[in-house]
Amino acid sequence: MTKNQNLDSPAPTTLPPSNSCDVVAVINARAGGGHAEQLARHITEQFASHGLRATVHLADSGEAMLQHARDAVRDGVDIVAVGGGDGSVNAVASILITTPGCSSTLGVLPLGTLNHFAKDLNIPLVLEAAIANIATGRRLRVDSGEVNGVPFINNSSLGLYPDIVREREKQQARLGRGKWLAFSWAAMGALRRYPFLRVRLRIDEQDHWRRTPFVFIGNNEYLMSGLDIGKRSTLTDGKLSMYVCHRTGRLGLLRLAINALFGRLREAHDFDVLSATEIAIETRKKRMRVATDGEVTVLQTPLQYRIRPASLAVIVPPVEQAAAAPEAQPSMLGKLLGGD
């Protein structure tokens, strides 16, 4: 792919000064580890080394990140790159997905902890290589998921995980604990309470009643065999995958974790795997906390999930590079209970 393949690229400028740019990069300022300005300069220089003029925005809040993305799409920028974890990638991607007539393509600079989306598309995890990918890669249209109009590129979940995230954020704010320490304490608290959901799942005009600690819905299918557990082999099959744990207590959840570790989730008797293009979830609650790519939102029920086929253009490696073996993936349990 050439850097300006028959696409216009006017854009506002901030860094470096110029009359136009090929790439607008929106970077989560927290990803710089206290050196965000140096990171921005390095990113600008790396793009320049590939012949691309980049405008870099450091966003110190989620709303600032969204606004920079809106501005870039409004101005018809060719490539909108995002630097951060999966939550940041989803935030910027959501603008491209939901803006009518958007012609911008997403570039990913994986600066988070887990980087699920980048790994599943074989996007390099080293910053310099990820920038090279944006300059030389191919454009691929991938699917996204949606729940009550809220887009997600990886997954959405109900039950244990949104409760854990809510408690983790409280501990970070009140006690000043780091993200992973706060997450560990929050997870232990949630498992002690071990709340269950009573849900009705409507799939292909059939109802399925479940009493479950969590429901996990993925954008396309997560593999569950051998060393590929928790990875998606494609984001272009046009379907949602749903994973529901039921009829199990704490020991049952431990057995589920062991099955996940050894790639035997499909053999678990208390674990259902379903796929569909649309899924409706009803509960007795009028509002529920719902996680989408690690961000928790309170939504009205019933929850209406649907797949949005080929709704996002992303720059991915050339075919010959994509065929290379990917890095080891986080476990399915990590995807069920972990953040970005």
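R70 is partly exposed in this predicted model. Its relative accessibility is 34%, and a residue counts as buried only under 20%. The side chain of R70 meets that of E63 in a salt bridge, with N and O 3.0 Å apart. E63 is also partly exposed, at a relative accessible area of 46%.

R70 has a second role in the packing of helices. Along with M65, L66, A69 and V73, R70 belongs to the part of α2 that meets α3. On the α3 side, the contact residues are S88, A91, V92, S94, I95 and L96. Eight of the residues in this contact are nonpolar, two are polar and one is charged. An α-helix has 3.6 residues a turn, so residues three or four places apart point the same way.

The geometry of this helix pair can be stated briefly. Helix α2 covers residues 62–74, and helix α3 covers residues 86–98. Their axes come within 9 Å and cross at roughly 35°. The crossing is right-handed.

Helix α3 was then examined on its own. Its 13 residues should span 18 Å at 1.5 Å a residue. The C-alpha atoms at its ends are 18 Å apart, so the expected span and the model agree. Most of α3 is covered, with twelve of the 13 residues buried. Among the buried residues are S88, A91, V92, S94, I95 and L96, which are the α3 residues that meet α2. D86, G87, V89, N90, A93 and I97 are buried as well.

Salt bridges also occur elsewhere in the model. The structure holds twelve of them. One joins the side chains of D22 and R53, at 3.3 Å from N to O. D22 lies in the segment before β1 (23–28), while R53 lies in the loop between α1 (36–49) and β2 (54–59). The pair therefore ties together parts that are 31 residues apart in sequence. The two partners differ in their surroundings. D22 is buried, with a relative accessible area of 0%. R53 is partly exposed, with a relative accessible area of 37%.

Another salt bridge links R200 and D207, whose closest N and O atoms are 3.7 Å apart. R200 is partly exposed at 24% relative accessibility. D207 is partly exposed too, at 35%. This pair does not stand alone: R200, R202, D207 and E282 are linked in a network of salt bridges.

Methods. Residues are numbered from 1 along each chain as its sequence is written. This is a predicted model: local features need pLDDT of at least 70, side-chain atom pairs count only at pLDDT 80 or more; totals for chains, interfaces and linings use all residues. Side-chain values use heavy atoms; hydrogens and water are left out. Axes are lines fitted to C-alpha atoms, for helices over the stretch in contact, and angles run from 0 to 180 degrees between N-to-C directions. Helices (H or I, at least four residues) and strands (E, at least two) are DSSP runs, numbered from the N terminus. A crossing is left-handed if the near helix is turned anticlockwise from the far one by less than a right angle, and right-handed if clockwise. Contact means heavy atoms within 4.5 Å. Ala, Val, Leu, Ile, Met, Phe, Trp, Tyr, Cys and Pro count as nonpolar, Asp, Glu, Lys and Arg as charged, and the others, Gly among them, as polar. The expected span of a helix is 1.5 Å times one less than its number of residues. Buried means under 20% relative accessible area, exposed over 50%, partly exposed in between (1.4 Å probe, protein chains only). A salt bridge is a side-chain nitrogen of Lys or Arg within 4 Å of a carboxyl oxygen of Asp or Glu.
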